[in-house]
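Got your viewer open and a selection box ready? Here is a walk through the model, one stop at a time.

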Amino acid sequence: MIQSLKSSLSKGALPFIVSCTFLFLYVPIFVLALYSFNSKGFPSSWDSFTLDWYKELFTAHELWGAFSTSVIIATVSTTFSLLMGALLIYYKSCGGKTERVLPLFYGNLVIPETLLAVSLISYFTLLNIPLGMTTLIVGHTVLGIGFVVPILFVRYNDLDPKLHEASMMLGASPFRTFYKITLPLLRPTMIASGLLIFVISFDDFVVSYFCSGTSVQTLSLYLISSIRYGISPVVNALSTLMLIVTSALVVIFFSPKIRTKVF
């Protein structure tokens, strides 16, 4: 009797905990989207429905400039991180010794991001490199490569080494073996890690704050500066549109046809 009661409680408690967790995560997002249609400024109680904030959004040139800057920096830094990670895997597949170097790339998982940002700005100052778009891309690439290299190496170590050996025995060069065998097997991992790095770079504030200088403003820096004067509901409208677009991309990307072609 006691065991059956415990099992029934455990079966009922698990869905309850999961439901509370999802509510904790997604209710703030729902509130954000809801208040993007509120006629009053934020934060304030609900007044009436309006689309004025969406109309104002498309005329907010400074906001869109910061948004496009974040997209450009995230795209370029993600590309560089994946390229450098793939080249390191290629060096490893050619017989290079990476055992001593590989632990250095795990620093981003341990070292606080503030320490990394201060180190980067000290390095740029030492070399007299002016802060701007270039230093932002370098900083975000350093941040991203600390995630992509460990992820790619875990997947690379799981590959069957006989495939590489068979390709080499059939006369393929190391580059052709990497391009035709290793790289396609790493493609799903590269796509997943690339999406992760893009999101981290797009949302990053600490590295952007230290490495941007005064000439470049990312979306995170724009939002932080706008908080000092009060949060505009235009930000809620932008966040709602981004949520809709990203949700649509997730649905499309993970559809059976697209997932089969990619993975």
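**First stop: Thr-50**

Select Thr-50 and Asp-52 and show their side chains: the two make a polar contact at 3.1 Å. Bear in mind as you look that this is a predicted model. Thr-50 sits in the loop between helix H1 (2–35) and helix H2 (52–57). Is Thr-50 buried or exposed? Its relative accessibility is 10%, under the 20% cut-off, so Thr-50 counts as buried. Now add Ser-36, Phe-37, Asn-38 and Ser-39 to the selection, since Thr-50 touches these residues once you leave out those up to four places away in sequence.

**Zoom out: the whole chain**

Switch to cartoon and colour by secondary structure. How many helices and strands does the protein chain have? The tally is 11 helices and 0 strands, so from the N terminus on you read nothing but α, as α-α-α-α-α-α-α-α-α-α-α.

Next, the overall dimensions. The radius of gyration of the protein chain is 23 Å, while a compact globule of 263 residues would have one near 18 Å. Draw a box along the principal axes and the C-alpha atoms fill roughly 75 × 75 × 40 Å. Take contacts between residues at least 6 apart in sequence: 71% of them join residues at least 24 apart.

Turn on the surface now. The accessible surface of the protein chain is about 16,500 Å², with 72% of it belonging to carbon and sulfur atoms. Buried residues account for 33% of the 263 residues. For a charge view, colour the 16 positive and 11 negative side chains; the centres of the two sets lie 13 Å apart.

**Into helix H3: Ser-70**

Hide the surface and select Ser-70, which lies in helix H3. With a relative accessible area of 3%, Ser-70 is buried. Which backbone atom does the side chain of Ser-70 reach? Put a distance label between that side chain and the backbone nitrogen of Leu-219, and you should get 2.7 Å. Beyond its neighbours within four places in sequence, Ser-70 is in contact with Phe-202, Thr-218 and Leu-219.

**Follow Leu-219 into helix H9**

Leu-219 is one of the buried residues of helix H9 (residues 219–227). Select the others as well: Ser-220, Leu-221, Tyr-222 and Ser-226. What do the buried residues of H9 pack against? Show H3, helix H7 (174–203), helix H8 (206–211) and helix H10 (233–253) around them, and you have the answer.

**Out along the loop after H3: Gly-95**

Go to Gly-95, in the loop between helix H3 (61–93) and helix H4 (113–126). Gly-95 has 49% relative accessibility, and therefore counts as partly exposed; the cut-off for exposed is over 50%. Then pick Gly-107 and measure C-alpha to C-alpha from Gly-95: the pair is 12 residues apart in sequence and 24 Å apart in space.

**Last stop: Asn-128**

Finish at Asn-128, in the loop between H4 and helix H5 (133–158). Check its backbone torsions: Asn-128 has a positive phi of about 55°, although it is not a glycine. For context, most residues other than glycine have a negative phi. Is Asn-128 buried or exposed? Its relative accessibility of 67% is why Asn-128 counts as exposed.

Methods. Residues numbered from 1 in each chain as written. Predicted model: local features only at pLDDT ≥ 70, side-chain atom pairs only at ≥ 80, totals over all residues. Heavy atoms only, no water. Helix = DSSP H or I, 4+ residues; strand = E, 2+ residues; numbered from the N terminus. Rg over C-alpha atoms; globule rule 2.2 N^0.38 Å. Buried < 20%, exposed > 50% of the residue type's maximum accessible area, 1.4 Å probe, protein only. Contact = heavy atoms within 4.5 Å. Areas by Shrake-Rupley, 256 points an atom, 1.4 Å probe, with all protein chains shown as cover. Lys, Arg positive; Asp, Glu negative; His and termini not counted. Charge placed at Lys NZ, Arg CZ, Asp CG, Glu CD. Polar contact = N/O pair within 3.5 Å; in protein donor to acceptor, adjacent residues only side chain to side chain.
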